[in-house]
Amino acid sequence: MASLTDAETLIVEKKAKCQRTQKGKKEASGCDTEEVSTELTLLFDPYKIKKRLTQSDLGHLSRLLIGRDFVKSHFLRWMNEETVRQVESGEGADVIVRDLDTCSEHRLVFVFWASSGSYVLKGGWIKEFVKRRGLATGDEVGIYWEPSASEFHFSLLHRANQA
C-alpha cells in the first residue's frame, strides 16, 4: 500500500477537521446529524495551483495573481459558460472561495486582467485571506475549483517561517 505524501496527509486531515466542525455545528443547532466518516482515502492531490506568495500578492493591489496557463487548464474548463464569459470579459465573476483550514466561505471576484495577461482573485483578498490568516511572503497556498459545488477551495499548505 502506497503511503501518503505530507501534502496529501495534510489535505486528508483538513477535510476531516472540516467535516467534524460541520457535524458539531449541526448538533449544536439541534438539527438531525448524519453519520459522517472522517476516514478518507486520498488518491491524488487536488491542489492544481500551488503558489508561493509574493509581496505583490500581499500588497496594495489587493489581489492574488494566478498564471494564465494554469487557469485555462485547471479552472475555466470546469466552470459554466456564463461564469467563463464574465471572467474573460474583464467584468469578473462573483465566486465563493471556501477556506478548508477554517471551514469558512468568502465571496471574491475572479477576473482576467488583459493588462497583465493574468487572472486574479480580488475584492476582499487582503481582508478575507491575507489579514485574517496572517499570510506572509513565501507562504505556500493551494487552490482548486470544485466543480460539484461551483466554488474555489483554498488552503494554506506551508508557512514560510516554518521548517
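## Working through the sheet, strand by strand

R63 has K122 as its bridge partner in β5. That pair is a handy way into this predicted model, so keep it on screen for the exercises.

**Exercise 1.** Find which strands β5 pairs with, and in which sense.

*Solution.* Start from the R63 and K122 pair. Step one: four bridges link β2 and β5, and the pairing is antiparallel. Step two: turn to β4, where F110 has L121 of β5 as its bridge partner. Here five bridges join β4 and β5, again in the antiparallel sense. Step three: look at the connection. β4 and β5 make a hairpin with four residues between them, and G117 in the turn shows a positive phi of about 70 degrees.

**Exercise 2.** Place β5 in the whole sheet: what is the strand order, and which strands are at the edges?

*Solution.* Step one: the open sheet has seven strands, ordered β1-β6-β7-β3-β4-β5-β2, with mixed pairing. Step two: the edge strands, each pairing on one side only, are β1 (49-52) and β2 (63-66). Step three: from one strand to the next, the twist averages 30 degrees. Step four: check the β1 edge. β1 and β6 (residues 140-146) run antiparallel and are joined by four bridges; one pair to display is K51 with V141 in β6.

**Exercise 3.** Decide whether S118 is buried or exposed, and list its contacts beyond its neighbours within four places in sequence.

*Solution.* Step one: locate S118, which lies in strand β5. Step two: apply the cut-off. Buried means under 20% relative accessible area, and S118 has 12% relative accessibility, so S118 counts as buried. Step three: compare with the strand, where four of the five residues of β5 are buried. Step four: with those sequence neighbours left aside, S118 is in contact with L65, I66, V111, F112 and W113. Take L65 as an example: the C-alpha atoms of S118 and L65 are 6.7 Å apart, although 53 residues separate them in sequence.

**Exercise 4.** Work out which strands helix α4 lies across, and which strands helix α5 touches.

*Solution.* Step one: helix α4 (residues 81-89) lies across β3 (93-99), β4 (104-113) and β5 (118-122). Its direction is at about 60 degrees to β4. Step two: helix α5 (residues 125-133) packs on the sheet and touches β2, β3, β4, β5 and β7 (151-158). The direction of α5 makes about 125 degrees with that of β4. Step three: put the two lists together, and β5 appears in both.

How values were computed. Residues numbered from 1 in each chain as written. Predicted model: local features only at pLDDT ≥ 70, side-chain atom pairs only at ≥ 80, totals over all residues. Heavy atoms only, no water. Pairing = 2+ DSSP bridges. Axes fitted to C-alpha atoms, helices over the stretch in contact; angles between N-to-C directions. Contact = heavy atoms within 4.5 Å. Buried < 20%, exposed > 50% of the residue type's maximum accessible area, 1.4 Å probe, protein only.
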